[in-house]
Amino acid sequence: MNKYTLHVSGTHCASCKILIEDILGEQDFIKNSEVNLKKETVFLESDKGIDELIEVLNEKIQNHKYVFSREKNVAKPTDDIIWRALPLGLGVLALFFFLQKSGVLNIGIGGGVTATTSFIIGLIASVSTCLAIVGGLVLSLSAKISEDNVSDTKTFTLFHLGRLVSFALLGGVLGTAGGAIGINFTLTAILGLVSAFIMLLLGLNLVGVLAKNKIALPSGIFKFFRNIEHKTLTPLIVGFATFFLPCGFTQSMQVSALSSGSFVSGMIIMLAFALGTLPMLALLSFGSASFANSRHAPLFFKSAGVVVIGLGLFAILSGLAGLGIISPIFNI
Amino acid sequence: MNKSVSIILTLGILAVIGIFTIGGGSTPTDNNVEIRDGIQYVKIDAKGGYLPRVSLAQAGIPTKLVMNTSSTFDCSSALVIKKINYQNILPQDGETEIDIGIGEPGEVVDGLCSMGMYNFEIRFD
């Protein structure tokens, strides 16, 4: 048995320790692996020679974007990226607010609400201020998941599936229940605030503010989160929860579903609406996944972080105003 | 990209965002206020925001708000008026009358959409 200390690069998150140790633990030629995130090293015991070992391990782990090496890889100057990401992300935000302000999105659709109109309303909603909350949440979660685990498109597919199914089902329920139930404004506002805080946290994490101090929590907690992130049920539930997020368009569609009078018509209205929002949201989530594989990945994640922080702040301040806690700041 | 260029760009874009979201010259108006049979009606259009933003109404008269919607699907249809505990989703087309009682001089009634990014106010004097 030889004892080695290898350098490992690409460890951007605290859960990387668990992941690497898991993978190393599965190899029968390795004993006692231990990752030190601070030094970016891994200590292990193995019978193999060091060069062979590095080659074999890099092959096993290349899907996860970590690289083992004998010498410490000189870190690329990543600090400059934030200075490119900042104007880029803010530019996207400015464009977004400009679109809202311009009134381009206030397209009038006459007549009653049919499947076609609710589909079109969904399309409009997905680029409207609703994007600040639903889209921001999708972007931050997708970017975070892509950053942690490249090519995990299953999670996104489940999220969108959960969203479509729950919109259809809950739309049907609204249609059946008629005026008996109403969507509570305060509840949606609080949910909106919660998701805005999640966005803010994930955004800070993506930008790298929180990553600098990778606080090594007990590994049990990380295992717990990692398990949650990869459970089939979680993205389904998050997709389901988006039904209740505050979005004026969703709320008016819910009222249309309420007054539609039957399960099928309520279901069709909400499903068509969700389908309308799908292209934009799918672009956000699958776009993040494909960017994660490109060489622009660091710039993308940091820019996405800036956008998400901006939208999160907007959503928090608006949500607090909506609850009457602070006086309204924005009027777009 | 050069760091200082980037900082200047960043500040510039921040200023633009600030103008888009926070600014907005809102001259108070009473063109939309009408008194009929001893009741004061304040008409406000709700679509992609509220117009007019600031309405001037007279204090001491029973006042009704008339929300005018036409193909309104966005947030402005989800109206919240904290002062009178009003939370409702306006019909997509039509006029909705809301009783806001009798205003005191200097009182301001705020209306918001449920997400909080559109708002209007009625000032009594």
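This dialogue reads three features of a predicted model.

Colleague: How many residues of chain A and of chain B take part in their contact?

Modeller: As a general idea, the size of an interface is often given as the accessible area lost when the parts come together. Here a residue count is available: 40 residues come from chain A and 38 residues from chain B. On the chain B side, helix 1 (3-21), strand 6 (78-81), strand 7 (86-89) and strand 9 (108-113) each supply at least two residues. Helix 1 of chain B gives the most, with ten residues. The side of chain B that touches chain A divides into 18 nonpolar, 15 polar and five charged residues.

Colleague: How do helix 4 and helix 10 of chain A pack, and at what angle?

Modeller: Two packed helices are described by the angle between their axes and the distance between the axes. For helix 4 (residues 115-125) and helix 10 (residues 248-260) of chain A, the angle is about 160° and the axes are 9 Å apart. That makes helix 4 of chain A roughly antiparallel to helix 10 of chain A, and the crossing is left-handed.

Colleague: Which residues meet there?

Modeller: Ser118(A), Ile121(A) and Ala125(A) in helix 4 meet Phe249(A), Thr250(A) and Met253(A) in helix 10. The residues of this contact divide into four nonpolar, two polar and no charged.

Colleague: How many bridges join strand 1 of chain B to strand 2 of chain B?

Modeller: In a regular strand the side chains alternate between the two faces of the sheet. In chain B, four bridges join strand 1 (residues 33-36) to strand 2 (residues 39-46), and the strands run antiparallel. Val33(B) has Val42(B) in strand 2 as its bridge partner. The two strands form a hairpin with two residues between them, and Asp37(B) in the turn has a positive phi of about 50°.

Conventions
Residues are numbered from 1 along each chain as its sequence is written. Chains are lettered from A and ligands numbered from 1 in the order in which they are written. This is a predicted model: local features need pLDDT of at least 70, side-chain atom pairs count only at pLDDT 80 or more; totals for chains, interfaces and linings use all residues. Two residues are in contact if their C-beta atoms, placed from the backbone, lie within 7 Å. Ala, Val, Leu, Ile, Met, Phe, Trp, Tyr, Cys and Pro count as nonpolar, Asp, Glu, Lys and Arg as charged, and the others, Gly among them, as polar. Axes are lines fitted to C-alpha atoms, for helices over the stretch in contact, and angles run from 0 to 180 degrees between N-to-C directions. Angles under 35 degrees count as roughly parallel, over 145 as roughly antiparallel, 65 to 115 as roughly perpendicular and the rest as oblique. A crossing is left-handed if the near helix is turned anticlockwise from the far one by less than a right angle, and right-handed if clockwise. Two strands pair if DSSP finds at least two bridges between them.
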